[in-house]
Amino acid sequence: MTQADDKTVMDILRGLKRGASRRSLLQGLGATGVAIGFGGALAGCGPAQPPPGGGEAPTLNFYNWDTYIGETTLADFKAATGVDVNMTLFANNDELFAKFKAGNQGYDVIVPSNEYVTRMAEAGLLLKLDQAKIPNKANLLPEFQDATFDPGRAYSMPYTWLVLGIGYRKSKMVGGAVPDSWRYLFDSRQYAGKIALLSESADLIRLGAKYKGKSVNGLTPDDIKVVEEMLLKQKSAIKAFHDDNGQDLLVSREVDIVLEYNGDMAQVISEEGGEDIGFVVPKEGSLLNSDCLCIPAGAPRPDNAHKFINYILDGEVGAKISQTIQYPTPNRAARDRMPESYKNNPVIFPPPEVLAKCEYGTFEGAEKSQMYEEAMTRIRAA
Amino acid sequence: MEHHWKQAKGAFAAALAPPGLWLALFFLLPLGAMWLYSFGENAGLTEIALSGTFANYARALEPLYLGIFFKSLAVAALVTGLCLLIGFPVALAITFAPDRWKPWLLLLIMLPFWTNLLIRTYALIAVLRTEGYLNFTLEWLWNAGSWVTSTLGLGALPPFEPLALLHTTFAVVFGLVYVHLPFMVLPLYSALDRMDRSLLEASLDLGAGHLRTIFQVVVPLAGAGVVSGVILTLIPALGAYLTPDLLGGPDSQMIANVIERQFKRANDWPFGAALSFLLMYLTFIAIALQSLAGRRTAGSRR
């Protein structure tokens, strides 16, 4: 079983587990169809033989996160251009990176997050985008036209952005207070035994530093040590380190307060029983992420890939995607087409004064990642 | 009738070549590459320089990682012990069951293998979590008890507090025992089933009780089955990664979880490879001990 299939199984089970949500179950089953239907096909779609008469074969291999595309987007793209999109799924950036480290197996478009855009570009795993083929870039909000993690948008076009914050069960908060500080997760025993943190080492250490008043970038070994000691002290109050399924732990009442992404929380808040669930980006600020459309080096069909990226950045297409996935969009044309319930949703779009304190984590070399990882291993082993 | 294999070398080689080739191509070759990586260092983001360094092994032998190794070993040993404790009576019961039941009982033991490990683990989550089936059952029993005490005029029991079962080391051990029990029962069954029943009758005729017969006759006779059951359970339990990941709490990480993170999050393949090989050496040692023990029992019987 491949990782993507495993992830799909997990999502089906997540749907079953939640019980209330038929939608997520159907989504999961739909995704299996895609994974099974196209996973097998992909093997035969290696470096494409150009059809007689030049040009590229009308197919495209798209490597995406699960439940991260509009319901009809791929079919609409086929209707518009005649290009068949084979979508397969990956579960996290590390899996994506590990896979491409061993060579491109025939993918044309991938969706790494900001830090991994830098990492993959530095490692020579991405193709430079031909900006002339992506006129819809003009639809992006001004702040997304350029990016610190990819100067000049040479390798990536933003697909969504997301921010880490605190998901909580309103009825369990002491005095009905909103847990608007990282203190409740990292440095307080108020919700001892009812806390779940993301198991991503870099995110945890960086947010701990943010709570201590530092930037998320340029941390020294001493800064890391301080955060490590804080988390070691907090460990007995932590119920679990989760793999980005914190929203499920919250919904199933396993925990009352959890570190999660806004998009994931927005999805469960919009579902049955979501009225007792809240989400807040702490006042100290947080980590921003942006998932980006990129073309991996060695992509067999770069022309189709450019066409596809340009198509996704279209306002109408982007709006349809946002309707399904409920993540914040960097696309102005798409956002303008969305209903008020999306545009003014404080979970999807946290208040600007809080966002102003949020930062993107930048890639600071493999040694730094290994330092974060070892700190995390020490925390978990203690 | 009996031919020595040396007299049919051609046929022997022909029969051995495909599996041998398969083994070399898909097992030894990748394993060899990993072995080389374990003596390498990261040079850039995707390159590994094979410098022949022992630094990865030195780091793997630091107290932090050794501690995790020993903790994993302790968990695996506990799991194996529990499997033996539960599996032995089960295997014994199947051995003494009527012949027409045996295939069905064995089928029941193997039935869980028809379901993906991930699905079985998720099913356990649904059983163990705070709002899970186990807590629902306990709550129902508690409320029933409360109804009894209040009708007896003793007053109602305090409200039910669900047990925190999921995300604990208990859940990890529970999950691992559940997953590995068949690996223990099957070799035990095959050893017990071959046992000479007349020895049991002799033991009982000569005045030994049932328990004494089990411990002094059956258990020693099943020795080989016990050893292979222990090895078959201990080794996969030692390398377990899905179960501690999904059922475990903040301190339930096992060595396989650390290895996985080296290949993914930390992007440190050489160190991950060194940790993997240390785990494999431990396994080899266990198997060597088994064969030594096997030789000794074989020798003492002669």
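In the predicted model, strand E6 of chain A, residues 238-242, is mostly covered, with five of its five residues buried. Strand E6(A) is paired with strand E5 of chain A, which spans residues 195-198. The two strands run parallel and are joined by four bridges. Within this pairing, Leu198(A) stands opposite His242(A) of E6(A).

A further set of parallel pairings in chain A involves strand E1, formed by residues 59-65. Strand E1(A) is mostly covered, and seven of its seven residues are buried. Seven bridges connect E1(A) with strand E2 of chain A, residues 84-90, and the two run parallel. Strand E2(A) is likewise mostly covered, five of its seven residues being buried. Two residue pairs can be named along this pairing. Phe62(A) stands opposite Met87(A) in E2(A), and Trp65(A) has Phe90(A) of E2(A) as its bridge partner. The connection from E1(A) to E2(A) includes helix H3 of chain A, residues 73-81, and the three elements make a right-handed β-α-β unit.

Strand E1(A) is also joined to strand E3 of chain A, residues 109-110. This pairing consists of two bridges, and the strands again run parallel. Phe62(A) stands opposite Val109(A) in E3(A). Phe62(A) thus has a partner in E2(A), namely Met87(A), and another in E3(A), namely Val109(A).

Two loop residues of chain A were examined individually. Arg153(A) is found in the loop between helix H5, residues 114-122, and strand E4, residues 156-169. Most residues other than glycine have a negative phi. In Arg153(A), a residue other than glycine, phi is positive, with a value near 55 degrees. Arg153(A) has 19 other C-beta atoms within 10 Å and is therefore partly exposed, as 20 or more would be needed for a residue to count as buried. Val281(A) lies in the loop between strand E8, residues 277-280, and strand E9, residues 287-294. With 23 other C-beta atoms within 10 Å, Val281(A) is buried. The C-alpha atom of Val281(A) is separated by 8.2 Å from that of Leu355(A), although the two residues are 74 apart along the chain.

In chain B, helix packing was described for two pairs that share helix H7. Two packed helices are described by the angle between their axes and the distance between the axes. For helix H3, residues 63-96, and helix H7, residues 169-193, of chain B, the axes come within 7 Å and cross at roughly 45 degrees. Helix H3(B) is therefore oblique to H7(B), since angles under 35 degrees count as roughly parallel and those from 65 to 115 as roughly perpendicular. The crossing of H3(B) past H7(B) is right-handed. In the contact of H3(B) with H7(B), 22 residues are nonpolar, three are polar and one is charged.

The second pair comprises H7(B) and helix H5 of chain B, residues 117-128, whose axes come within 11 Å and cross at roughly 135 degrees. Helix H5(B) is therefore oblique to H7(B), because angles must be over 145 degrees to count as roughly antiparallel. H5(B) and H7(B) cross in a right-handed manner.

The loop between helix H6, residues 133-151, and H7 of chain B contains His167(B). Phi of His167(B) is near 60 degrees, a positive value in a residue other than glycine. His167(B) has 28 C-beta neighbours inside 10 Å and so counts as buried. A second loop residue of chain B, Tyr241(B), lies between helix H10, residues 223-238, and helix H11, residues 242-247. Tyr241(B) has 15 other C-beta atoms within 10 Å and is therefore partly exposed. The C-alpha atoms of Tyr241(B) and Val79(B) are 14 Å apart in space, while the two residues are 162 apart in sequence.

Note on methods. Residues numbered from 1 in each chain as written. Chains lettered and ligands numbered in written order. Predicted model: local features only at pLDDT ≥ 70, side-chain atom pairs only at ≥ 80, totals over all residues. Buried ≥ 20, exposed ≤ 12 C-beta atoms within 10 Å, placed from the backbone. Pairing = 2+ DSSP bridges. Right-handed = clockwise from strand over helix to strand, strands pointing away. Axes fitted to C-alpha atoms, helices over the stretch in contact; angles between N-to-C directions. Left-handed = near helix turned anticlockwise from the far one by under 90°. Nonpolar A, V, L, I, M, F, W, Y, C, P; charged D, E, K, R; others polar.
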